[in-house]
Amino acid sequence: MNKVEHIGIAVNNVKLAGEIYSKLLNTPVYKTEIVESEAVETAFLQSGPNKIELLQALNDDSAIAKFISKRGEGIHHIAFDVDDIEAEMDRLKAEGFVLLNDKPKRGADNKLVCFVHPKSANGVLIELCQGNDYPEKTKRKELTLEDELSLFQFRNKLIIPDDLLAYLKLTDEEIDAYNEDMFVFYKFSEFKSVKEEVSDYGGVPDYRKIVDILPQHQNCFVFAEYSIHLMVFAIRLYDDNSDKNEVYTICGSSYEVVANSFEEFMAIYKDDFSKLFI
Ligand code: ZN
């Protein structure tokens, strides 16, 4: 076996645990994944060359649910990277280890995995995994836009609706193509909450009271503006797939719902954007 590939930690709530471990290791969760074969939702963090896998059970039959009901949250398994999982499984069987599966199966990261019964390894569940995604080769993982978008949703516990998602995935040039006159559309890197974007803007108009006025302003994100903050356009996100995502025109401390989805907003914008002014 080559090295420890990751350490698996059983948790009750992978989102909350992800936040705790992000703070602990001072690095964001770089990936979340549902592994159907194990009925778990996982989140991964990388600290230097080391990887932590947080695992939450998706149902009561999941091995993680059973583990937690017996022993509580905690270290669940240690995974070792192997070059040839079948050869390693044969070797371990010959040495008398009890394997939990006869054939390698697909685990997180699309790796081939096999578990060794804790009984044969002094109480520790051992995972063998074979895959190409070795931490030392990836060093600091470059996040793709796709990763950034899932991280945004994970961190804010909010869902980006499909029409907005398609917009945020456009290239900078494609987004710039929407700009007209004094109307400027933002890229995902500029997509910020109302508070972050305008609440300290005390110019004309004065936005400093908007966070006291707009309900649950922390779920509203600015994606475009008119005439350098004369008006900004923000969309409300929800923690589930909502059939409505209100779009607001905000001007200083007043706001108005101008559309019920990003798509509807864009249709009005293309037709006659003066209809979006308040
Ligand atoms: Zn694992």
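Does D181, judged by its C-beta neighbours inside 10 Å, count as buried or exposed? The legend to Figure 4 takes this up; the model shown throughout is predicted.

**Figure 1. Overall view of the predicted chain and its confidence.** The secondary structure comes to ten helices and 14 strands. The C-alpha trace spans about 75 × 35 × 30 Å along its principal axes. The radius of gyration of the chain is 24 Å, whereas a compact globule of 278 residues would have one near 19 Å. Buried residues account for 31% of the 278 residues. Of the contacts between residues at least 6 apart in sequence, 51% join residues at least 24 apart. Mean pLDDT is 91, and 96% of the residues reach 70 or more. In the stretch 134–140, pLDDT is below 50, and this stretch has six contacts in the model beyond near neighbours in sequence. Where pLDDT is low, the predicted coordinates should not be read in detail.

**Figure 2. The two assigned domains and the contact between them.** The domain assignment gives domain 1 as residues 3–138 and domain 2 as residues 145–276. Taken over C-alpha atoms, the centres of domain 1 and domain 2 are separated by 39 Å. Contact between the domains involves seven residues of domain 1 and five residues of domain 2. On the side of domain 1 that touches domain 2, α1 (14–25) and β2 (31–35) are the elements that give two or more residues. The residues of that side comprise three nonpolar, two polar and two charged.

**Figure 3. The largest nonpolar core, with I235 in close-up.** This core has 33 residues, and A234 and I235 touch the most other members. At least two core residues come from each of α6 (162–168), α8 (194–198), β11 (220–226), β12 (231–236), β13 (247–251), β14 (254–259) and α10 (262–272). Strand β11 supplies the largest share, six residues. With neighbours within four places in sequence left aside, the contacts of I235 are L164, C220, F221, F223, N245, V247 and F262. Another core, of 16 residues, lies apart from this one and includes A10, V35, L45 and I64.

**Figure 4. Backbone geometry at D181, H229 and the V204–P205 peptide bond.** Most residues other than glycine have a negative phi, and most peptide bonds are trans. D181, which is not a glycine, has a positive phi of about 40°. The residue lies in the loop between α7 (172–176) and β9 (183–185). D181 counts as exposed because it has 8 C-beta neighbours inside 10 Å. H229 also has a positive phi, near 75°, and is a residue other than glycine. H229 is placed in the loop between β11 and β12. With 18 other C-beta atoms within 10 Å, H229 is partly exposed. The peptide bond joining V204 and P205 is cis, with omega about -10°. P205 belongs to the loop between α8 and α9 (210–213).

**Figure 5. Surroundings of K192 in strand β10.** Strand β10 covers residues 192–193. K192 has 14 C-beta neighbours inside 10 Å and therefore counts as partly exposed. Not counting residues up to four places away in sequence, K192 touches E197, F221 and V222. F221 is also in contact with I235. Between K192 and D81 the C-alpha to C-alpha distance is 40 Å, with their positions 111 residues apart in sequence.

**Figure 6. Surroundings of L55 in strand β4.** L55 lies in β4, which runs over residues 50–57. Which class of burial does L55 fall into, with 26 C-beta neighbours inside 10 Å? The cut-off for a buried residue is 20 or more, so L55, with 26, counts as buried. Its contacts, leaving aside neighbours within four places in sequence, are G8, I9, A10, V11, V40, T42, I64 and H76. Of these contacts, G8 is 47 residues from L55 along the chain, and the two C-alpha atoms are separated by 6.9 Å. A10 and I64, both in contact with L55, are among the residues of the 16-residue core.

Definitions and conventions
Residues are numbered from 1 along each chain as its sequence is written. This is a predicted model: local features need pLDDT of at least 70, side-chain atom pairs count only at pLDDT 80 or more; totals for chains, interfaces and linings use all residues. pLDDT is the predictor's confidence in each residue, from 0 to 100. Two residues are in contact if their C-beta atoms, placed from the backbone, lie within 7 Å. A nonpolar core is a set of buried Ala, Val, Leu, Ile, Met, Phe, Trp, Tyr and Cys residues joined through C-beta atoms within 7 Å. A residue is buried if 20 or more other C-beta atoms lie within 10 Å of its own, exposed if 12 or fewer, and partly exposed in between; C-beta atoms are placed from the backbone. Helices (H or I, at least four residues) and strands (E, at least two) are DSSP runs, numbered from the N terminus. Domain bounds come from an automatic or database domain assignment. Ala, Val, Leu, Ile, Met, Phe, Trp, Tyr, Cys and Pro count as nonpolar, Asp, Glu, Lys and Arg as charged, and the others, Gly among them, as polar. The radius of gyration is taken over C-alpha atoms; the globule rule is 2.2 Å times the number of residues to the power 0.38.
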